[in-house]
Amino acid sequence: MRIDKAEVIVTSPDRNFVTLRLTTDDGLVGLGDATLNGRELAVVAYLKEHVAALLIGKDASRIEDMWQFLYRSAYWRRGPVTMAAIAAVDMALWDIKGKAAGMPVYQLLGGASRDGLMAYGHASGKTLPELFDSVREHQALGFKSIRIQTGVPGLRAIYGIASNTAGTSHQGVRYDHEPAQRGALPMQEDWDTRAYLRHIPGVFEAVRHEFGPELPLLHDAHHRMTPIQAAKLGKSLEPFDLFWLEDCTPAENQEALRLVRQHTTTPLAIGEIFNTVWDYHTIIREQLIDYVRSAVTHTGGITHLKKVLDYAAIYQVKSGMHGPTDVSPVGMAAAMHLGLSIHNFGIQEYMQHGVKTNQVFHQSFTWNEGYLHPGDQPGLGVTLDVDEAGKYPYEQAYLPFNRLADGTVHDW
Ligand code: KDG
Ligand code: MG
């Protein structure tokens, strides 16, 4: 079972996706997601120029060895581009191993630890009535846990709030498939942390009043606060019993979380922009977070993220894998297989891909009353329709960024 062909396929149905497709000499095909939102072509070049040739002729069954080879032989370690490229190879090899064994990948990882994966959806609105409608739409689709994002009075546009011109998911929900806007330049948004801190507790109070105490609610702060601001927000949200507060600080300074943790019992989730266990070791070991947000796609694949999550399990930290639309259906499938098998699964983000994306990627996961299951197809359970993919060439896209009122660039 040697790797015969390594192809990198770029397609932009509802948004850009980068997929690695490996074919073995006995005809098995494995897919890996290498999508890095807004920097897609950097990973394409890394894979095409520096990795593809190294794969040809290699034994496709040696997943751990391949991971170590790609990580160590490059000399330059970590970083989103490298780790997305390694992730794609790793996922494709797990896909091939599953197909060779005639088993879904979760069986190879130890089998199911649960019947399904509780998933949260994204409700958002510029105003409370819009937000309530969005929560109801998600509940009607079966979501049992919901992320809450709203506009802030005085701010024009905020990342994470679906616009009225947004596209529609396959389930009919109004949605922004492109937090990364297509175009030659990134969109500028505005930000004011004090206005945000004044506004958000009232939003959660209103949501609790409208939807009751039981619904698990989540909130994403997108790395925008200092530790003391984050501590203040966590404390002010305690009465509303959040499932988690996400990315409260730019957490590459892991020690900063000590200050936040001293002040609040609101559970914390961090890590969608992290790439390796080294980004997590202090915050896991000191139990400064409750959920690991990494995606399989951005953390070196199933092989490495499983190690991160096994390490987290020792400290009672659970998974909360990133599942935005910029993780492709292949990356989502990998997350579902991993989430189903580990003991310390917490929750899975599920943002729903668009109609065109689902025509390019044929998936076998199921959605049942708020729970995802990856299905029982051998491998990851996703196939790529290359002809369909070819209809949608790459389009330049950037994530937005923030400036404060005085023009200073701020975290978004
Ligand atoms: O590529 C960036 C998006 O995936 C990310 O900003 C979405 O924060 C996000 C989330 O929690 O899904
Ligand atoms: Mg996030």
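# A tour from helix α5 to the magnesium site

Start by selecting helix α5, residues 128-140: at 1.5 Å a residue, its 13 residues should span 18 Å, and the end C-alpha atoms are indeed 18 Å apart, so expectation and model agree. Keep in mind as you go that this is a predicted model.

**Stop 1: the two sides of α5**

With the helix still selected, show the side chains of Leu131, Phe132, Ser134, Val135 and His138, which are buried. They cover an arc of only 160 degrees around the axis, so they sit on the same side of α5. What do these buried residues pack against? Add β4 (117-125), β5 (145-150) and α6 (193-211) to the view, and you have the packing partners of the buried residues of α5.

Now turn the helix around. The face that points away from the buried side carries Pro129 and Ala140, both exposed. Before leaving, step along the chain past the helix to Gly142, which follows α5 and has a positive phi, near 105 degrees.

**Stop 2: the magnesium ion**

Next, select ligand 2, the magnesium ion. Which protein residues are its donors? Show Asp220 (OD), Glu246 (OE) and Glu272 (OE); these donors lie 2.0 to 2.2 Å from the ion. Along the sequence, the donor residues follow the spacing D-x25-E-x25-E. Asp220 belongs to strand β10 (residues 217-220), whereas Glu272 is in the loop between β12 (268-270) and α9 (281-285); the two are 52 residues apart, and the pair links distant parts of the chain.

Try a surface view of the protein here. Asp220 has a relative accessible area of 1%, so this residue counts as buried. Glu272 is buried too, with a relative accessible area of 11%.

**Stop 3: ligand 1**

Keep Glu272 on screen and bring up ligand 1. This ligand is surrounded by 15 residues, and the closest are Asn37, Tyr159, Glu272, Asp326 and Glu349. If you like to check distances yourself, there are three to try:

- An oxygen atom of ligand 1 to a side-chain N or O atom of Asn37: 2.7 Å.
- An oxygen atom of ligand 1 to a side-chain N or O atom of Glu272: 2.8 Å.
- An oxygen atom of ligand 1 to a side-chain N or O atom of Arg147: 3.3 Å.

Glu272 therefore appears at both stops: this residue is a donor of the magnesium ion and is also among the closest residues to ligand 1.

**Stop 4: two histidines after β10**

Go back to β10 and move into the loop between β10 and α7 (227-237), where you will find His222. The loop between β10 and α7 is also the place of His223. Pull up their backbone angles: His222 has a positive phi of about 50 degrees although it is not a glycine, and His223, not a glycine either, has a positive phi of about 65 degrees. Are they buried or exposed? His222 counts as buried at 2% relative accessibility, and His223 does so at 10%.

**Stop 5: Gln254**

Finish with Gln254, in the loop between β11 (244-246) and α8 (256-263). Gln254 is buried, its relative accessible area being 8%. Where do the polar atoms of its side chain lead? One polar atom of the Gln254 side chain is 2.9 Å from the backbone oxygen of Asp279, and the backbone nitrogen of Thr282 is 2.8 Å from a polar atom of that side chain. Beyond its neighbours within four places in sequence, Gln254 is in contact with Trp278, Asp279, Tyr280, His281, Thr282, Ile283 and Leu288.

Terms used. Residues are numbered from 1 along each chain as its sequence is written. Chains are lettered from A and ligands numbered from 1 in the order in which they are written. This is a predicted model: local features need pLDDT of at least 70, side-chain atom pairs count only at pLDDT 80 or more; totals for chains, interfaces and linings use all residues. Side-chain values use heavy atoms; hydrogens and water are left out. Donors are N, O and S atoms within 2.8 Å of the metal (3.2 Å for Na, K and Ca); water is not among the atoms, so sites may look incomplete. Helices (H or I, at least four residues) and strands (E, at least two) are DSSP runs, numbered from the N terminus. Buried means under 20% relative accessible area, exposed over 50%, partly exposed in between (1.4 Å probe, protein chains only). The expected span of a helix is 1.5 Å times one less than its number of residues. The arc is that of the directions from the helix axis to the C-beta atoms. Contact means heavy atoms within 4.5 Å. A residue is near a molecule or strand if one of its heavy atoms lies within 4 Å of it. A polar contact is a pair of N or O atoms within 3.5 Å; within protein, one must be able to donate a hydrogen and the other to accept it, and residues adjacent in sequence count only if both atoms are side-chain atoms.
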